Structures are given as C-alpha cells and as structure tokens.
Amino acid sequence: MGKPKKVKIPGDPNAKSPAAKAQDDQVMGTNSSSIVSKRSVEKIYHPDEPPFFRYFVSKYQRRAPLINRGYWLRMRVIDVLVRDFLKRPLREGKKSKVVVNLGAGSDVLPWQCLTRYKQDCKGVKFVDVDFPELMERKRGVVMGEEGLRRFLTGVRVPGEKVKPGGVVLDSEEYAQLGVDLRDLGGLEKGLGEVLGGDWKGECEFVFVAEVSITYMEREGADGVIQWAGTTVPDAEFVLLEQILPDGREHPFARTMLSHFDKLNTQLKSVETYPTVEDQYRRFEARGCGDVKVWTLWEAWGDETFLSREERVGLDEVEEFDEWEEFALFGSHYCVVRARTVGGKGGAPVVHRGVDIATEIVETHVDETTGTRGQRRFAAAMEVSREGKQSEILNVLGLGTRNRLQSCDVFTQGGVSELTFGEGGPASRMCHSLVDLGDSVLLAGGRGSPSSPLKDCWLFDKKTSSWARTHDLPVPLYRPAVVALGSSGTALLVNGRGKSSTFDGCLLYHPEKGWIECEVRGDNFAARYGGVLGVKSTTATGFNGVYAGGLVDALLTDEVVSWALDIFDIKKPVVTFTRLRPSAGSDPSASSWLVARFGATCFHHGDEFILLGGVARDHLLGYQDEIVGFSVTDGEYNITRRLVSDASTRALYIGHSAVVTMDGRIVIVGGGATCFSMGTFWNKGVYSLRLPGLDTADALPHWVHDRTIDIIPGERSGPVKTEPRNGDKKTTIKAIERVQLKTADDFAKIVRTGRPVVLEGLDLGHCVASWNLKYLAEKVGSDRKVVVHEAATQVMDFNAKNFRYVTTEFGDLAQKIEQGGRLYLRALSHEKPTEKPSVLEDDFPTLADDFVLPEQLALVRENLFSSVLRLSGPVNMWLHYDVMANVYCQIGGSKRLILFPPSDVEHLSFAPGASSSSIDVFSSLESLELVQTHPHEAVLGPGEVLFLPPLWLHTATPTSNKSIAVNVFFRDLDSNSYAAGRDVYGNRDLAAYEKGRQDIGRIANSFQKLPAEAREFYLLRLADELRRKARG
C-alpha cells in the first residue's frame, strides 16, 4: 500500500445553491424517520434503560417487527464497535479518547454509552457533528430536558447565533459542532476548539458514520475518510451504509434506490463501493491498515456482535418470522471498522459459488396487471380435470395488507370453471401443500408467529372441494413436507411450534393420520424452513435429502440424507446420515449454496433443483438463485448453476412453485417487504424449462384468471334429523299475492316483515316498451357498462366463477339475445365505487319510463338506490340484503326462492359473508335443505316482489332474458345502519359489525388456554348466544 496523499481542505463549501440547500434539507429529513424507528426499538427492546430517544420523538409509533429487528441490529453493531473502542486501554502516549459522530442528527449514542459503560467513559469526550440548524435544534432539546442535561458538567453555550463550522454546545463530556461535513476545515477548527491542546497527537479517535456520509457526493465522503485516515494519527472509523452486493437490478436494490430517489436523498457512494470488497479497498487506500467489513447479515451470526443466547432471546421480546426479508435487508447494508493503527486486517470472505458449469434456463414471463396475483408465503398446486387444461392454484398466504382467505387461479388462457363449495382452511401463511395424486394435502401454517396451526386439509381434485383431515399432533409452521411417490402418504420433518422447534418426524397416512417415526442415525439440530426432497423408492420405503433451515435464529449448514422404512406402517423408521461436500469442492461455498431458508426443492432426473430462498451470511446472487445438486456415496455435489433468461427479474422469496405434469417449473406469487423502503412484488407468472427437459414445444402462457374465496370451516355433513312428516322433500311455500289500494296497505306489509308479490301496480310504460333493442337505443349502444360474464349458469360469488367485463351496452344486449351468460347489475355511472346506483341519475333517458306508484310512497320517501338489472340464462347466487327492497319485473320472467332469516344457520353463510355457495335450485330435492323453510314466487312482467331485509334469496330466469328494476329503501332508523360507504345496500347493520369485533376480542381472551379448554368455553358461549337469539 502506497503512502496516502495529503488531503486538501476546501475553501468555503457553505455557499450553497437553492437546489443544494433543498437537498440538504431532504437529507436532514431522514433523521426524523430514523429516530422514530430507534425510539420503537428503545421502548420494546430496552425497557430497562433510560428512554433517551423519547426526548426527540413527540409521539411513539411502534414499528413493524422487521423494522424493529433491523434497527436493533444497526444500533447493536455500532454500539459494540464503540464499546470495544471505549474498553480498549489507551495507547502509550495518549491522554484521552474521543467519539465523533458524523451526521449525528438526533442520535443519542453519547447518553447510551455514558449509561451502559459508565466506568469506561471516564475522560472520554463525545462530539456530535451535523448541519448547524440540526445541531441547534438538538441543543434546544438537550438543554431543555433534565434527563439529558444531567449527564453534562461545565456546559458552555455560545451567546450568538452559531456560524457555520462553529461550536453549538460544549461541556466536559459532550460537544456539538454545527458543521457541513464538506467543510473539513470547519470540522478541524471545531474539533480543535472543543478538544484543545495537541488534540491530534494526544487523543485516540473513533469516527462514527451511520448512514450519513453516503448522502454526500462520493468525492466529499471519501475526503472525510481520507482526512481521518491521514490527518489524525490514531483514528478508527465505524461506518454503516448501504451496498449493492448483486448490483442495482436486484429487486431489493431496485426498491431501495427508488425509495431514496423519491426522497431526493440519493445514495452517492453506493455505485462506486457496491460490495464489501470495494468498501475494504476504499478504506485501505485512504490510510487505514486494519480494515474489517461485515454485512449486517454476517454480523447477525458473528459472536463479535451478539451471542447465541442474545440472538435467540430476541424472539421473547418480539415475535418474529420475517427471516427472508431480514436477510435481504442485512445483505444490503455493511458495517466497516477501519483503523489507522494496528496490523493489516483480513480481507472479507466472499462466496462466489463453486467452479461449476452455468446453463441458461429458458423462461417465459406472463405479466399481470395491478395487484392481480400479489400473494406471498402461500403454497401452490396444479389441478387437472378430465378434458380440461390444467390450472394452477396459489392458496391462502399474505396479500398486500393482510392474510388472505382465497386463492388465485391461473389458467392457460381459458376461463376457469373451478368453484369451491362450503368449507375449507382458514387464512394462513407459511404452510405446505403436497400433491398426493388424487388429492393435495395442506399441512400446518400460521397466523402470527405465535399462532401456529395444526389443522390439515385435503383438496379433492375431482370434486374441487376441501375436507378436513387428521390434525398434526402439534401446531407447526414452515415444516418440511414431501409426498412419497404415488403412495398417497407424506413425510414431515421438524417445523416451528409456538415457542420451540419440533424435533420429530411424522408420516401422514390418509386413514391412520400422522404417525410418529422412530429416528435413527446421525444426530442433527431440529430446524424449520428447510427443504425436503425425495429421490427414489425402495422395496420398503423412500429416501431423499434434507437441507438448510433455521437453528437458534441462524441458518444451519447441515445437509443430511434420509431413508424411510415403512415395512411396518405402524412403526415407520427414518434414518438420517450427515452428508459432506464432494471431494475437491470448497466446503463453505458448497454448504452456502445448498443450505438455504425458504427455498423450494424438486427432484429432476438424477439431481435436486433448489430454487430461491436465502443463504447464510451472504446474498444469493443472480447466478446462484437456482442450482442443481446430486447426492452419492455420502456426498453432495453441486452439478450446475441454472440462470434464468427472463427479461424481468423475479425475486424468489415468498414464492410458490410447482412442477407441472410436463416437467416445467411454474412460479407464481412472491416478493418481499424491503425494510422501510417499500414492497417488491413479482408481477407475473414465470415458466421455466430446465435444460435437458425432453420437450421442445413452446412454453405455455399462464394468465391470472380470477381469485376464489375459500369459505373457512368444515363442510356440513348430511342432515341427521328425520325429515318432517316422513317426507324426504323440502316443502316449498308459495308467496302470498296481493293488490294494494293505498300506501298504508304497503306500510302494513313492511311492518309485518313477510315477502309478498304485489299485483296490478302501474309501473309506467316501461312494461310495454322495454326490450333489449329499445334499451340499447335509449341508453346508447356505446355506453360502457360492467357486467358479470359467467362460465356456467350457476353463478357463485364466493367461488368467483365469473369475471367482471367492461363492454358496450349494445354488445351486452346483442349477446343476451343470443343466449350469452351475462348479468348486469348497474352501478353508479359517476362514482361506481362510492355511490349507490339511482336509475334517474345513471340512466336519465330511461327515468321517465319507470314509475313508482303512489301505493309505494314509502319506498320513494326512503329511497336508497334503484338498480337496473338485465340477465341472460344465469342464476343469481344465494344472498341476503340488509335493506328492504322491491324487485320490479319489467320484461321476461324469473323464479325466486326465499328463506326466512332464521334459516341462515342451515345455509352455509360464512362469518361476515352475505353470500352462500349453495346451489338452491339443484338442492331442493335433497336432504341438504330439509331443515329450511323455502318460499317461492315466479314473477312476470309488471309484477313486484317485496323482499324484507335479511330474507335470503336466489333467482333463476324462466325465460331467455330478464329485465328488472330493483329499488332498495331504508325501513329502520338511520342509526341502525353501519356508518360509511355502502354501494350495494347489503352492508351489515352496525350492531352486527360491532358484535363481530366483540367476538374477536372474546376469542383472543381464550388464546392462552389449552386447546380443549378454549373449545369447551367458546362452545358454551356460543350456546348462550344461540339461546338469546331464540328468545
């Protein structure tokens, strides 16, 4: 290393252009966000320490666990390196130590050190340096708060306004300098003033720069480092800032850079020093002989910064399972400790994989729009039914805001006819789906990290239905599960429980349930989030590989093979054998590539394919995200890197992947929260053809067809009570028909609360004139409307077996005339998502045709909406409306089945749902509805049905087309309705919405009880509610 050049101290950097001043203000603004996060960490992770950040943060905000854990680690590495500096004995000839915080903002490092390391801080001086206006604000807080001021003695505050580069506050223990760090002359002058004497020769320095000088122009930031490395004889530098270990195109890096660009606080040094090696050379070239660089992800596992006990203990402070996102964050930040005195430090360890062949993977990307398909930590399955193209379902998982109670359906261009009936798993994430042949097994998962789940489900591919199967013996999430050939069984190894890792192995058998396996062979640490692959079948069992996973909050590097013996199905035995990297390979690099967390694993030919996830200590680069490896003779050997040629780079985190029947890998969903800088989502379906796959036809196109709700809970079994009067048919009652003479007659009907067909009313000349051609001419053929386009006659709102299509009114009319399965439920033309539809506002050219007669004055006076409805041969699903309404049949005819509100418990309405998936018209002859009380009406032109609120109803056309106007009105006091937006008139009453919240709180109060006790008491409360409902 050559002799460093003397640093030239610039003249007057304080003369700033308006643009430069504005950017400095933006940089100072980053301080506000940072200290709010640090205050969150202080309150949660350090409750027994004085809350120094409280003085700078007016209102406490609890940050998300990922941000808390990330800031805790940032603060920890700085604290440890400064602590080590404070505890190190003074070198010979030195009189004191100085801690200089460059770009300190509102950081409270001095007070934390004076509290935590009181004895080591004797004779030490802390100096905060930042823009003058920021330091003046900080001085005001320090002098105004006794909790900060009491640490200082001999305080001196300049009487006049601070000049750039001047002293803002001084004391024996602490000083503030208002200096722009581009003004090195001002910095040197200010340090001389607060330290005095031969400060350069008599003092040992540590300069701390926590994400501060990276906002400076690179030449200025390097100038600060070189000034410290060459001007100060005994200096140590502690720098923490962002890096780009896999370039700016990595999805996390892209999100991070975009975030800072939007704030106009661009990272000026990151392009020049994107890796730990670059940072090492940066300091080495500027006067530092002893340089050590860690990424924060490396620091997390380094005993230098925290012990195993401290690392594991953090989960007791705040529950945490954002490991993939934590690894991404930690891999894009580095901490440097560089000294001008001492021996040469070791160069950073950089894993670039092993020297193996790289092959290009042909990849096709079908992009999605908006938020379609945005789902993380879900699980996918391929479903193929006779005579139909296969479909891929991405089930449950985490959406843009919360855990989802649905699945995304991807097709190869067609419209899916897939529907779910009643019953299915509740919302969850980090669960497993394994294909058992005719069915798919869903095992485990979690709500929050402290709420693992044990319920398991089978999805029947033929009937497209979910059925509850045997529960796990203990609740688990992130278990390693693999299907065992075509046996219909599966092996589960480890997984995370509520407070510990499950250390057992379980065999799933569809009849016998989960059978505990006897474990033999080499011992290995129980983990979760690893991958389990099956390789081959033997005469009495199966064998495969188990790699990676998390042990004691660190990724393990263990890779083991397993052999399962099921000769005696009642006592299965699984034997584990530790594997070593193949001879001649780099052991650390090999284990780093194979032992991952959150990856997916497939067996392909003679090798296993690993896709995505995160690795220990280092970021998986673009070339290492997908690798193949083989297992032979007690060794594993990385066979090839597989590099996707996709034009749009995916993030293989939180993704779902399946191997389709033709051997291709299809990836749906995925993405990550990029710390506090935004969320990256994979926007599309990625289809990969592995090299060597024996097929040359084009990769299929996958499109997001729709999202289907899964109704949680078990499917109702057959009704066990005897049919009434020995009649196996459900008795259907005809709805009474009446003619109204006065408005009072209708008011009495409304008060009675029973449905009635109203005959002989004058609805205007619409009854005589409205047909589809007339409507198209009056409305305008080119008027855009949103319609339901159904795949079958039976529409199902929960299953979403239809799609919303925007079309022209003329095309709608023509397609209905031709028998198209279309349904129009008109929306507000002006604000469809905010206002209810009103005929005279949305279709003014039709308004004079339709009249509410005087007998229905109550409807007109309490009008909520008047909705135009057109339909072809499609059934309206079973649902209820919260508001009373009159359904006016104008053209065609329609059959309606109604059920009284008391039947709701027999009609499969999920909690909070106003729609059911029961196909009433095909179920009337079955026992499924035997406990209900259906009422029937067939409406012809000019007839009106009064529908009381909460009466459950469904409809089917009895003609080729139907034209109607549905008028909703309020029949309760306005305070009874829920506040806020209600476009459709079916938002539940305020009392019910509040009641559901109360139920949630009641259920949560039982969470800490054993499962049996929780179920017992909740069932007793449910019975009490039922009794109150009955009377």
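Good morning, colleagues. I begin with one residue: Ala 776 is found in helix α17. Helices here are DSSP runs of H or I with at least four residues, strands are runs of E with at least two, and both are numbered from the N terminus. This is a predicted model, in which local features need pLDDT of at least 70 and side-chain atom pairs count only at pLDDT 80 or more, while totals for chains, interfaces and linings use all residues. Residues are numbered from 1 along each chain as its sequence is written, and side-chain values use heavy atoms, with hydrogens and water left out.

Is Ala 776 buried or exposed? With a relative accessibility of 8%, Ala 776 counts as buried. Buried means under 20% relative accessible area, exposed means over 50%, and partly exposed is in between, using a 1.4 Å probe and protein chains only. Beyond residues up to four places away in sequence, Ala 776 touches Ser 781, Phe 809, Gly 810 and Ala 813; contact means heavy atoms within 4.5 Å. Ala 776 and Phe 126 are 650 residues apart along the chain, and their C-alpha atoms are separated by 80 Å.

Helix α17 covers residues 772-779, and Leu 772 has its place there. Leu 772 counts as buried, at 3% relative accessibility. Which residues does Leu 772 contact, leaving aside its neighbours within four places in sequence? They are Ala 813, Ile 816, Glu 817, Leu 870, Lys 961 and Ile 963. From Leu 772 to Phe 1016, 244 residues apart along the chain, the C-alpha separation is 58 Å.

Let me now turn to the whole protein. There are 24 helices and 54 strands, and the C-alpha atoms fill a box of roughly 110 × 80 × 55 Å, taken along the principal axes. Of the 1031 residues, 57% count as buried. Among contacts with a separation of 6 or more, 71% are between residues 24 or more positions apart. The protein exposes about 43,000 Å², of which carbon and sulfur atoms supply 49%; these areas come from the Shrake-Rupley method with a 1.4 Å probe.

As for charge, the mean positions of the 126 positive and 138 negative charges are 3 Å apart. Lys and Arg count as positive and Asp and Glu as negative, without His or the chain ends; each charge is placed at NZ of Lys, CZ of Arg, CG of Asp or CD of Glu.

I come next to the interior. A nonpolar core is a set of buried Ala, Val, Leu, Ile, Met, Phe, Trp, Tyr and Cys residues joined through side-chain atoms within 4.5 Å. In the largest such core, of 89 residues, Val 77, Leu 86, Val 99, Trp 300, Trp 323 and Phe 326 touch the most other members. Helix α2 (residues 65-87) gives the largest share of this core, 13 residues. Apart from this core lies another, of 62 residues, including Val 750, Leu 812, Leu 839 and Leu 852.

Leu 86 deserves a separate word. Outside its neighbours within four places in sequence, Leu 86 is in contact with Lys 97, Val 99, Cys 113, Tyr 117, Asp 120, Cys 121 and Val 124. One of these partners, Cys 113, is among the buried residues of helix α3, together with Leu 109, Pro 110, Trp 111, Gln 112 and Leu 114. Six of the eight residues of α3 (residues 109-116) are buried, so this helix is largely enclosed by the rest of the structure.

Now to an exposed residue. Glu 516 is found in strand β20 (residues 513-516) and counts as exposed, at 62% relative accessibility. Glu 516 touches Cys 505, Leu 506 and Pro 572, not counting residues up to four places away in sequence. The C-alpha atoms of Glu 516 and Lys 570, 54 residues apart along the chain, are separated by 8.8 Å.

Two loop residues concern backbone geometry. Most residues other than glycine have a negative phi. Asp 552, however, has a positive phi of about 50°; this residue is in the loop between β24 (550-551) and β25 (554-555) and is partly exposed, with a relative accessible area of 34%. Asp 633 also has a positive phi of about 50°, and lies in the loop between β33 (626-632) and β34 (635-644). Asp 633 counts as exposed, at 73% relative accessibility.

Finally, an unreviewed UniProt entry carries the annotation "domain: JmjC" for residues 832-986. UniProt positions are given in the numbering used here, feature names are shortened, and annotations may be inferred rather than shown by experiment. Over residues 832-986 the chain is 11% helix and 32% strand, with the end C-alpha atoms 15 Å apart.
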